[in-house]
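This briefing covers the fold, the confidence, one surface patch and a few chosen residues. Please keep the sequence and the structure at hand while reading.

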Amino acid sequence: MDNIFTLIENFLLKNVWGVIIAGIIASMLGTLSCYLFKKIVDYLRRKFQVRKKKQTVVKYALGFYRGAAAEYSKHSSYRQILLVGDIIMDALSLGLKIVVYLLIAIILINMLNDVFWDLAIIAIVSFMIYPQLSKFKDIRKAYELTYDHIFGEDFTKKCIDGAFETLEKKQKEKDEALNK
């Protein structure tokens, strides 16, 4: 039995395909653990009739804050800068949390020489990163909605079209200068 575990460990650690397979397995375990945890929490909430009142209040308050800030910043470029800075700081703090989780996982993986502990660490870290990525998606969506509200939905399209027109104009001027 020990021989089988040794063969599996050697394959996962010393073979390129083994490393890829180990990463896939760890990712699947992390995703499965997130899914199971979410289902267990939902089941317990329904069984004990616990409500997500605090999370709902925080979510509504954050949404109201973003909307009010977007409306208030519509009239001043200084407030727009502060609003965008606030969203950028939120995204940076979440990004730093993700980087810290990954660094801790790398340190622990380097300290431990057992492949099964390494898989467990990767699964736990992916379980910890998943909520951060969900928050990051919410921040990105809030930024896009705020941007569209302040500048209008067609502003980005106008900017892109203007950039292409300017690029084409400069290219034509360059071609005309070379032809002379």
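A residue counts as buried under 20% relative accessible area, as exposed over 50%, and as partly exposed in between. Ile-25 has a relative accessible area of 34%, so Ile-25 is partly exposed. The model is predicted, and the protein chain contains 6 helices and 0 strands.

**Overall fold**
- The order of elements along the sequence is α-α-α-α-α-α.
- The protein chain has 180 residues, and 17% of these are buried.
- Among contacts with a separation of 6 or more, 64% join residues that lie 24 or more positions apart.
- About 14,500 Å² of the protein chain is exposed, and 68% of this area comes from carbon and sulfur atoms.

**Confidence**
- The mean pLDDT of the protein chain is 78, and 78% of the residues reach at least 70.
- Confidence is highest in helix 4 (residues 77–111), with a mean of 83.
- Confidence is lowest in helix 3 (residues 53–73), where the mean is 64.

**Nonpolar surface patch**
- A patch of about 860 Å² is formed on the surface by nonpolar residues: Phe-11, Val-16, Trp-17, Ile-20, Ile-21, Ile-24, Ile-25, Met-28 and Leu-29.
- Helix 2 (residues 16–48) provides the largest share of this patch, with 8 residues.
- Ile-25 belongs to helix 2 and is one of the residues that make the patch.

**Helix 4: Ala-105**
- Ala-105 lies in helix 4.
- The relative accessibility of Ala-105 is 7%, which is under the 20% limit, so Ala-105 counts as buried.
- Beyond its neighbours within four places in sequence, Ala-105 has contacts with Ile-121 and Val-125.
- Between Ala-105 and Ser-126 there is a separation of 21 residues in sequence, and their C-alpha atoms are 9.7 Å apart.

**Helix 5: Asp-118 and Gln-132**
- Helix 5 (residues 115–151) includes Asp-118, and Gln-132 is also located in helix 5.
- Asp-118 is buried but forms no salt bridge.
- The nearest side chain of opposite charge to Asp-118 belongs to Lys-14, at a distance of 13 Å.
- When residues up to four places away in sequence are set aside, Asp-118 touches Ile-109 and Leu-112.
- Gln-132 counts as buried because its relative accessibility is 7%, under the 20% limit.
- With residues up to four places away in sequence left out, Gln-132 touches Leu-94, Lys-97, Ile-98 and Tyr-101.

Definitions and conventions:
Residues numbered from 1 in each chain as written. Predicted model: local features only at pLDDT ≥ 70, side-chain atom pairs only at ≥ 80, totals over all residues. Heavy atoms only, no water. Helix = DSSP H or I, 4+ residues; strand = E, 2+ residues; numbered from the N terminus. Buried < 20%, exposed > 50% of the residue type's maximum accessible area, 1.4 Å probe, protein only. Contact = heavy atoms within 4.5 Å. Areas by Shrake-Rupley, 256 points an atom, 1.4 Å probe, with all protein chains shown as cover. pLDDT = per-residue confidence, 0-100. Patch = residues over 30% accessible without salt bridge, like charges linked within 9 Å, V, L, I, M, F, W, Y side chains within 5 Å. Salt bridge = Lys/Arg side-chain N within 4 Å of Asp/Glu carboxyl O. Lys, Arg positive; Asp, Glu negative; His and termini not counted.
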